[in-house]
Amino acid sequence: MLGFIIQRFLQAVAVMAVMSVIVFCGVYAIGNPIDIVIPPEATQDIREEAIRRLGLDRPLYEQYFIFMGNLLQGDLGRSFVYNIPVLELIGGRLPATLELVLISVISAAVLGVSLGIYAGYRPDSWVSKTIMAISVLGFSVPSFWVGLILILFFAVNLGWLPAGGRGETVEIWGVAWSFPTLNGLSHIVLPAVNLALFKLAMMIRLARAGTREIMLTDTIKFARAAGLAEGTILRRHLLKLISIPIITVFGLELGSTLAFAVVTETIFSWPGVGKLIIDSIGVLDRPVMVAYLILVAFLFVTINFVIDLVFAMIDPRLRQGATA
Amino acid sequence: MREPILSVSDLTTHFFTRAGVVKAVDGVSFDLAKGEIMGLVGESGSGKTVTGFSLLGLVDAPGRIVKGSVKLNGTELTTLSDPELRARRGHEISMIFQDPIATLNPMLTIGQQMRMAIDAHEWLSKRAADARAAELLTQVGIPSAAARLRGYPHEFSGGMRQRVAIAIALLHRPAVIVADEPTTALDVSIQAQILFQMRDLAAEMGTAMVWISHDLAVVSSLASKLAVMYAGRVVEQGPTATLLRDPRHPYTAGLISSLPAMSQPGMPLSQIPGTTPSLLSLPPGCPFAPRCDRATKACGTAPEMTMEDNRGWRCFHPVSAFKEATV
Amino acid sequence: MSTANTPLRRFWAEFRENKVALVALVVVALMILLAVFASVVSPQNPYDLANLSLMDSRRPPGFVGSGGYTHILGTDPQGRDLLSAIFYGLRISIQIGLAAGFVSLTIGTTLGILAAYVGGRIEALIMRLVDLQLSFPAILLALVIVALLGQGKAQLIGALVVAQYAYFARTAYGAAKAERGKDYVEAALATPLSTRLVVMRHLLPNCMPPLIVVATVQIANSISLEATLSFLGLGLPVTEPSLGMLISNGFPYMMSGRYWISVYPGVALIILIVGINLVGDQVRDQFNPRLRK
């Protein structure tokens, strides 16, 4: 088991190293940020001063090593635009994003798996057909459009829920959270629904496909031949058997939801990292872009690593194969 | 004859597919006495497995039992509600499948799976259930059974897994077991072991068996009577010894003469020409006619079962080991 | 039972049975026709600035503008007739979706089959890259690439291709690898047939069914991704608005009740995407032998 963990860990580190190079080169090939940071009427001296200060006069590989050296010390540089450490900037925005993403993904998973199992178990009932129709919509309709419609309906027309912002927040361990207050919660609802809809559709499809396939296997037929009640078969056999693909996708989706939060945060003016990155791309604030991408890559790699560990824990074949 | 424990008559199961109606089981009838073993023989696609599923009411959509009756201990199974049927499955009638790797759930321990099968029919404490499970495992020949309850299926060999499946099927000492080629996927040496162990266990528990197989040699060493299926129909049935010695249906005769034991050393095995017809587009009349060298115009209509003493066959031109029969 | 004999006819006969998919196919075909003949069916050329009048901007559906005709769906902030803008926008969205889809299909399939066929180091290299990319959300990749390359049609298509080729590569690789291992391919390779022939005759045709399914889904995805990027202000220039850009333009006016500017282009976009996906779903179900009854 330990060997397995170490092996996966080394893989994760290697992927991170590759990602950092790609991200760095990619981002640093974009435009010339100096035009944005300093006013066009500035003198040549001020220009060169700024270029030196930002380290833009050195060769790319040198910039990379300086960047990596600083990164390992927890220093991701300063934002060209806000002129505060990037880590502080992103750290301040991260809780808002995490809050939104976790609420969306968890509710999408719980609801989606239940609906998907039902749709896979009774594929011909009208309820299942309705569920599938909804999932086709959730899958196809671009998320920004859903956001618009949610705002149009619930905020503009009905006036039930606020259209943007985080609302009242409560500080827990020095970090502001929206969900504990009623007002904050009312602000979360629309963006969370918006963000969750795609994941919900995905979970429904996945659980349905898995259920349909597994219900045809001899394992289920044998359980029925032994006289097991359908409820027991679903709870004990089916749920265990579909858990592996679902956990994989759950993990991957956790990461991609972080990315999709970019769209939702923009629509609902949710002050998270997604909105920050869109603004930073607009003004070519390189350190923020690099830090954001590296952060996302890091989260991805970490999530994949954790999923591997979870697999090893739930699948007896893997668990023992890894010990041997 | 003794009072039958399982009585099947005119059992007919069809699959209503997009491409048409597949007549997988067509008018199958037989009786099984307490403790009796019947072999159900046929090529793959002849409907023997679907017959097995039909007995337990386990036919999946788009299949359905369209007519006929299955009486278990005097109770008609085909008209029972789902919960009533479930209460009998695994309790009074159970089934074993061909591939033990596919039947057991790889994510649950043997003990968990056996306890689920026990809990389905009676309430026992965990300890009592474990004791019952271990007892059954010991009976089917698994050593240090109590410890192995904590094991997962992948820790067992194929033969051992099949023994576990058999133990699960026997947990409630059912009156009837349907065994669908349970030894086909196993090594030859283990096949024979399991075969005779099951025969002994069935005798010990008074359990009757329907042993489904494509292998006439295996079945005839085990079963006291045989039913030979072809294209969804039983074409011949009767006591094993009688059928082997004196087959009447040309298909049965063909099966027997293609047994390796029947051939001369060094001579090629005899075989039946042609292939099984598709169940979607059966020829009118006797489905075997296109492959039969005795077929005449009469075979354009389907022959009824001709009964004689304790045997029967569906053929207008039966063969006989002793005399050439004519119609 | 159908009397169909060729595989294509049989496929079509089965497809026809799903009424929803059939309707979807008709709708998609109709939208493509509208896009192709946008200049004929539109009351106005929305790209011709001379036609536009600020007097006509943000008018509700049914308004009769300075052009003397009724704006059935109203006008946008630049004073464009929304119906015309939607037809032209459809054209851009479909163009970009198809272009990105086919380029990704070509690149991805080539890489996938190459990896499966050649094996060894090249296989490992290609597939590692593909897997790494697949674990990364497409929208983020597209976002970065667009930021990197700047705005414009070609750049946008490039970004979509980079974000999507990996799906094709994975699919082609899986199918080709499975086929490569089969005895008949080994046998064909053992004969003095040229490698190209084996790949073209055996590997490629067997990859086609899953690739067609992925292609329909990815074309719909490209269209949706393009709209999303345009909505975020990273897509095409405002002068030739795609559907996403039209929606984005209308967003600020939604709060004040001028819903039509965003809603109608959005409805067109969704009908298109849902239509393609429904067709794709049916095709996938028909290709999946396990679901066939």
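In this predicted model, A:Asn83 sits in the loop that runs between helix 4 (60-72) and helix 5 (86-121) of chain A. The backbone does something a bit out of the ordinary here: phi of A:Asn83 is near 55°, a positive value in a residue other than glycine. Most residues other than glycine have a negative phi, and most peptide bonds are trans. As for its surroundings, A:Asn83 has 9 C-beta neighbours inside 10 Å, and because the cut-off for an exposed residue is 12 or fewer, A:Asn83 counts as exposed.

Chain B has a counterpart to this. Phi of B:Asp10 is also near 55°, again a positive value in a residue other than glycine. This time the setting is a strand, with B:Asp10 placed in strand 1 (residues 4-17) of chain B. B:Asp10 has 11 other C-beta atoms within 10 Å, so B:Asp10 is exposed too.

Chain B also holds a cis peptide bond, which joins B:Ala61 and B:Pro62 with omega at about 5°. B:Pro62 belongs to the loop between helix 1 (48-56) and strand 4 (63-72) of chain B.

Turning to the overall layout of chain B, the chain splits into domain 1 (4-92 + 175-263 + 270-326) and domain 2 (103-171). Domain 1 of chain B is thus put together from three listed segments, while domain 2 of chain B is a single one. Between the C-alpha centres of domain 1 of chain B and domain 2 of chain B there are 30 Å. The two domains do touch, with 13 residues of domain 1 of chain B in contact with 13 residues of domain 2 of chain B. On the domain 1 side of that contact, helix 8 (residues 188-205) of chain B gives the largest share, 6 residues. Sorted by class, this side of domain 1 of chain B comes out at 9 nonpolar, 3 polar and 1 charged.

Then there is the contact between the chains, to which chain B brings 26 residues and chain A brings 19 residues. Several elements of chain B each supply at least two residues to the side that touches chain A: helix 2 (82-88), strand 6 (93-96), helix 3 (100-103), helix 4 (110-119) and helix 7 (158-170). The class count for the side of chain B that touches chain A is 16 nonpolar, 7 polar and 3 charged residues.

Conventions. Residues are numbered from 1 along each chain as its sequence is written. Chains are lettered from A and ligands numbered from 1 in the order in which they are written. This is a predicted model: local features need pLDDT of at least 70, side-chain atom pairs count only at pLDDT 80 or more; totals for chains, interfaces and linings use all residues. Two residues are in contact if their C-beta atoms, placed from the backbone, lie within 7 Å. Helices (H or I, at least four residues) and strands (E, at least two) are DSSP runs, numbered from the N terminus. Ala, Val, Leu, Ile, Met, Phe, Trp, Tyr, Cys and Pro count as nonpolar, Asp, Glu, Lys and Arg as charged, and the others, Gly among them, as polar. Domain bounds come from an automatic or database domain assignment. A residue is buried if 20 or more other C-beta atoms lie within 10 Å of its own, exposed if 12 or fewer, and partly exposed in between; C-beta atoms are placed from the backbone.
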